[in-house]
Amino acid sequence: LSSDDLGYLSGARGWLASFPYVGLNHWEIRHPLVMLMAAIIGIFGESEFTTVLATTLYFVAVVAFTYGYLNKLFPDRRTAVITAGLLIVTPLFAVQSTIPSVDIPELFFVALSVWLFYLATLTEKRLTLLLACGVVAGIAFVTREIASALVIFYAVLFLRGAYMPRRYYWLVAAGW
């Protein structure tokens, strides 16, 4: 049957068959998911488990960095533990993390970009963090084009001159 997950798997198979692979449709060019899926299948072989493992790993990463950042942000560890636990048991995430889907990888890169930006606002040594923020935002866009909403988010902050001098926002753009 025609479905998104079959398109991602087809792209992963394409990368394994010929490098570099030029996808035939927009599902096959969702590189952050497709290339990780190809690497996992190349190492462990193709199975139902290895097909969904890439999405599951992105979800574990979302939970881990959310826990890590909230643990630094709030003085009590409970907030980070409860939030991570709620992410794990949220039905939408529980289901989406067990099928090949770009929703979870997109969430990972969008949230990571925002967290990196936030960390950059807390320090004077923000060059690397802001460049990384832009790079990760660009990867989010490659994952799915709707992540381009980050441009609007950062543009509004730029226009308001929020959190840091405007000249630093160009580092985010340079990373993108």
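**Note on a helical chain: placement, cores and ring pairs**

1. Ala155 has its place in helix α8, and, since this is a predicted model, that assignment and the values that follow are to be read as properties of a prediction. With a relative accessibility of 32%, Ala155 counts as partly exposed, the partly exposed class being the one between under 20% for buried and over 50% for exposed. The C-alpha atom of Ala155 is separated by 19 Å from that of Thr128, a residue 27 positions away along the chain.

2. Turning to the overall architecture, the chain contains 9 helices and 0 strands, and reading along the sequence gives the pattern α-α-α-α-α-α-α-α-α. Taken along the principal axes, the box filled by the C-alpha atoms is roughly 50 × 35 × 25 Å. Of the contacts in the chain with a separation of 6 or more, 61% are accounted for by residues 24 or more positions apart.

3. As to burial, 41% of the 176 residues of the chain count as buried. The accessible surface of the chain comes to about 9,800 Å², and carbon and sulfur atoms hold 70% of that area.

4. The largest nonpolar core has 34 residues, and the members that touch the most other members are Phe65, Phe108, Leu112, Phe117, Leu130 and Tyr154. At least two residues of this core are supplied by each of α3, α4 (77–89), α6 (103–121), α7 (127–143), α8 (149–160) and α9 (169–175), and the largest share, 9 residues, comes from α6. A second core, lying apart from this one, is made up of 14 residues, among them Trp15, Tyr21, Ile40 and Val102. As background, nonpolar side chains in soluble globular proteins tend to be buried together.

5. Which residues does Leu112 contact, once its neighbours within four places in sequence are left aside? The partners of Leu112 are then Phe65, Tyr69 and Val136; of these, Phe65 also appears beside Leu112 in the list of core members that touch the most others.

6. A search of the whole structure for aromatic pairs returns 15 of them. In one of these, the ring centres of Tyr58 and Phe108 are 5.6 Å apart and the planes meet at 50°, so the pair is classed as tilted. Because Tyr58 lies in helix α3 and Phe108 in helix α6, this pair ties together parts of the chain that are 50 residues apart in sequence. Both Tyr58 and Phe108 are buried.

7. Phe117 and Tyr154 form another tilted aromatic pair, with 5.3 Å from centre to centre and 50° between the planes. Phe117 belongs to helix α6 and Tyr154 to helix α8, so here the parts tied together are 37 residues apart in sequence. Phe117 and Tyr154 are each buried, and each is also listed among the members of the largest core that touch the most others.

8. Ring pairs also link Tyr58, Phe65, Tyr69, Phe108, Phe109, Trp115 and Tyr118 into a cluster. Two members of that cluster, Phe65 and Tyr69, are contacts of Leu112 as well, while Tyr118 contributes to a nonpolar patch on the surface.

9. That surface patch is formed by Leu73, Phe74, Tyr118 and Leu122, which together have about 350 Å² of accessible area. Leu73 lies in helix α3, which covers residues 48–73, and is partly exposed at a relative accessible area of 35%. Because membership of a patch requires over 30% relative accessible area, the value of 35% for Leu73 meets that threshold.

10. Two points of backbone geometry deserve inspection. The peptide bond that joins Phe19 and Pro20 is cis, with omega at about -10°, and Pro20 is found in the loop between α1 (4–17) and α2 (31–44). Tyr163, although not a glycine, has a positive phi of about 75°; Tyr163 lies in the loop between α8 and α9 and is exposed, with a relative accessible area of 59%.

11. Lastly, Val81 has its place in helix α4 and is partly exposed, with a relative accessible area of 44%. How far from the C-alpha atom of Val81 is that of Tyr67? The two are separated by 6.5 Å, the residues being 14 apart along the chain.

Conventions
Residues are numbered from 1 along each chain as its sequence is written. This is a predicted model: local features need pLDDT of at least 70, side-chain atom pairs count only at pLDDT 80 or more; totals for chains, interfaces and linings use all residues. Side-chain values use heavy atoms; hydrogens and water are left out. Patches are made of residues with over 30% relative accessible area and no salt bridge: like charges are joined within 9 Å, nonpolar side chains (Val, Leu, Ile, Met, Phe, Trp, Tyr) within 5 Å. Accessible areas come from the Shrake-Rupley method with a 1.4 Å probe; for residues, only the protein chains shown count as cover. A salt bridge is a side-chain nitrogen of Lys or Arg within 4 Å of a carboxyl oxygen of Asp or Glu. Helices (H or I, at least four residues) and strands (E, at least two) are DSSP runs, numbered from the N terminus. Buried means under 20% relative accessible area, exposed over 50%, partly exposed in between (1.4 Å probe, protein chains only). A nonpolar core is a set of buried Ala, Val, Leu, Ile, Met, Phe, Trp, Tyr and Cys residues joined through side-chain atoms within 4.5 Å. Contact means heavy atoms within 4.5 Å. Rings of Phe, Tyr and Trp (its six-membered ring) pair if their centres lie within 6.5 Å; planes under 30 degrees apart count as stacked, over 60 as edge-to-face and the rest as tilted.
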